[in-house]
Every structure is written in C-alpha cells, then in structure tokens.
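Hi everyone, thanks for making time. I'll walk you through one structure, starting with a single residue and then stepping back. Here it is on the screen.

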Amino acid sequence: MGLKNKSPRSLLKSLFAAVGVITLTFWVLSSMSQADGNDSNLFQPDKKSVSIWAWDRFDDLSFLKDDTSVTSYAGTFYLRDNRSIFDPRKKDLICPKDTARIPSFRIESVNKIDEDYEESAIAGICDTIKQYFRNHSECQKMVQIDFDARTSERDLYKKLLVKLRQTLKSAQYTSDVKISITALASWCLKDKWMQNLDVDEIVIMLFSLGQDKEDVLTDLKDTNLDTGNKASTAIGISANEPQTNEALKILGIINDARKVYIFQSLPWTKNRFVAITDEVIAQ
C-alpha cells in the first residue's frame, strides 16, 4: 500500500510519524556520539564541577556540600636507591559522609632509577595504590598521580601508567577506577608529549608558575591549552593567587573549564571556600 492511496488526513499522520522517527533517530545517534566523545567532566557533565585539594595537613571539610569532591593527599613515592619508597599521609581529614573522595599520590624523583630496576619500582607503586583502595572504601573511583616528570623520566612515567591501569583492572574493587594526572602548563603549550598516555583525565596546573608565569600567561593569549590527549581536561588553580586567577578569568579559561581543582596552602575554612568559589567559579 503506497502513499498515493491514503487520505489527506492519513497522509499527514504518516508524515508526522516519519518526522518523529527521524527526529528520535537523530537524537539517539547524537547522544551516543556525545557519550563516546571527550567528556570534559567525568562526574558531573551537565555543570561545572569543583574538587578541592586537601594536602598534607589536618583539614575539617565538614562544611562542604555534596556537589564538591575532595582530592586528598594520600602520600608520596620517593624514587631513590633503585626502588620506590612510600611515605603515607599522617594527618587526619574530616569530610561529610557522602563527599566523593579522590586519593592523590605525589611522586618525587630523588635520583634516577636504573633501567634494570624500573619494573620493580613501578610494580611497588602500583601495588601500593591498589592496596590503598582496599583499605579506603570511602574513596571515589578515581586515583590521581602528581608527577612533574623530567624529560628523562617520561618513558618511566608512560610505563607506570600502563602498569597502573593493568594493576587496577586486575582487582574487582578497582576494576573501574579512573586515572587522573596533573600536568604542567608547559606540557599543554609548547612541550607537548602526553598524546599517548593511558589516562582518563588531565589536570592542567595553572598556579605556582614561578619565573615562567608571565610567559605562560602571554602564551595563553594566543595559544589554546592542548594536552594532545583524548582524556577529559580539567584545570588546577590556587586560592592563594588572586592575580593569576583574574588573568585566567579574563582569558576565559576559568569560565570555560568544566572541572576545576582548587589548591589552598592554609587549612580550608568555610569562609575561604565560599570566597574562592565566588571569585572564580560563579559565572
């Protein structure tokens, strides 16, 4: 039965039905495409997400609301004497019960690891992180690695991230843990090398820029931050650097960011949290 045999009313109903099917199909395909694409916020894709760093000190964060996650210092791995030595967090941290927690591990290279010992040093780091999740069920299903890898250490870092992924997937309680890393601003401007890193999120550090601060801000006027990686992108700022934050806001970087990590050198208070949120997060 063809269209030409239908009444005008029946014909209109058929056309509206066809348009509906086409619209629905387009919507589904569009949604699938967005889901497969580069989501810049792993936890709250529909709005700007905030995570505060709680570093190596006592912090009472009981004032936080549920929509703010906490990225808490878990300890530091020191690469020395051809092995990794772990110094865990020793200070208490108070968070609301339902606050999402992300452990952050710092890596410091005291001296170079010989190639023959790389595998054992990397395995030590990965096993410690996996054990951390076993002992800290309150943590969000993400781990953050903070390593300012020098050029000579980048191959080791790549191997570490591959091994970390394998280690996390090998245990049921860590099989879906995401991997986040911090990145120097220079790694996203001129010194790009992270294209093939196996990570889910890259946090571009836009504070403590030191002597390169003015150069970085100048470069940002003409160059977009680009990790070269398909991972989600976030930025890291400091509550102690209002001038830098203002410059980043003028450049549109803070307003455009879907996820922002905020550092504070002093213990967090509700007033300081509200102030920095109003300063750089409010649109």
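Let's begin with P96. Setting aside neighbours within four places in sequence, P96 is in contact with L61, S62 and L64. Before going on, I should say that what you're looking at is a predicted model.

So where does P96 sit? It's in the loop that runs between β5, residues 93-94, and β6, residues 101-109. There's also K65 to look at: P96 and K65 are 31 residues apart along the chain, yet their C-alpha atoms are separated by 7.9 Å.

Is P96 buried or exposed? Its relative accessibility is 18%, and the cut-off for buried is under 20%, so P96 counts as buried.

Now over to D114. You'll find D114 in the loop between β6 and α2, and that helix covers 118-135. With 39% relative accessibility, D114 counts as partly exposed. And D114 has company: together with E115, D116 and D155, it forms a patch of negative charge on the surface.

Okay, stepping back to the whole protein. How many helices and strands are there? We have 7 helices and 11 strands. The protein has 283 residues, and 44% of them are buried. If you take contacts between residues at least 6 apart in sequence, 73% of those join residues at least 24 apart.

Last one, the surface. The accessible surface comes to about 15,600 Å², and carbon and sulfur atoms account for 51% of that.

That's my tour, thanks for listening.

Key. Residues are numbered from 1 along each chain as its sequence is written. This is a predicted model: local features need pLDDT of at least 70, side-chain atom pairs count only at pLDDT 80 or more; totals for chains, interfaces and linings use all residues. Side-chain values use heavy atoms; hydrogens and water are left out. Helices (H or I, at least four residues) and strands (E, at least two) are DSSP runs, numbered from the N terminus. Buried means under 20% relative accessible area, exposed over 50%, partly exposed in between (1.4 Å probe, protein chains only). Contact means heavy atoms within 4.5 Å. Patches are made of residues with over 30% relative accessible area and no salt bridge: like charges are joined within 9 Å, nonpolar side chains (Val, Leu, Ile, Met, Phe, Trp, Tyr) within 5 Å. Accessible areas come from the Shrake-Rupley method with a 1.4 Å probe; for residues, only the protein chains shown count as cover. A salt bridge is a side-chain nitrogen of Lys or Arg within 4 Å of a carboxyl oxygen of Asp or Glu. Lys and Arg count as positive and Asp and Glu as negative; His and the chain ends are not counted. The place of a charge is taken as NZ of Lys, CZ of Arg, CG of Asp or CD of Glu.
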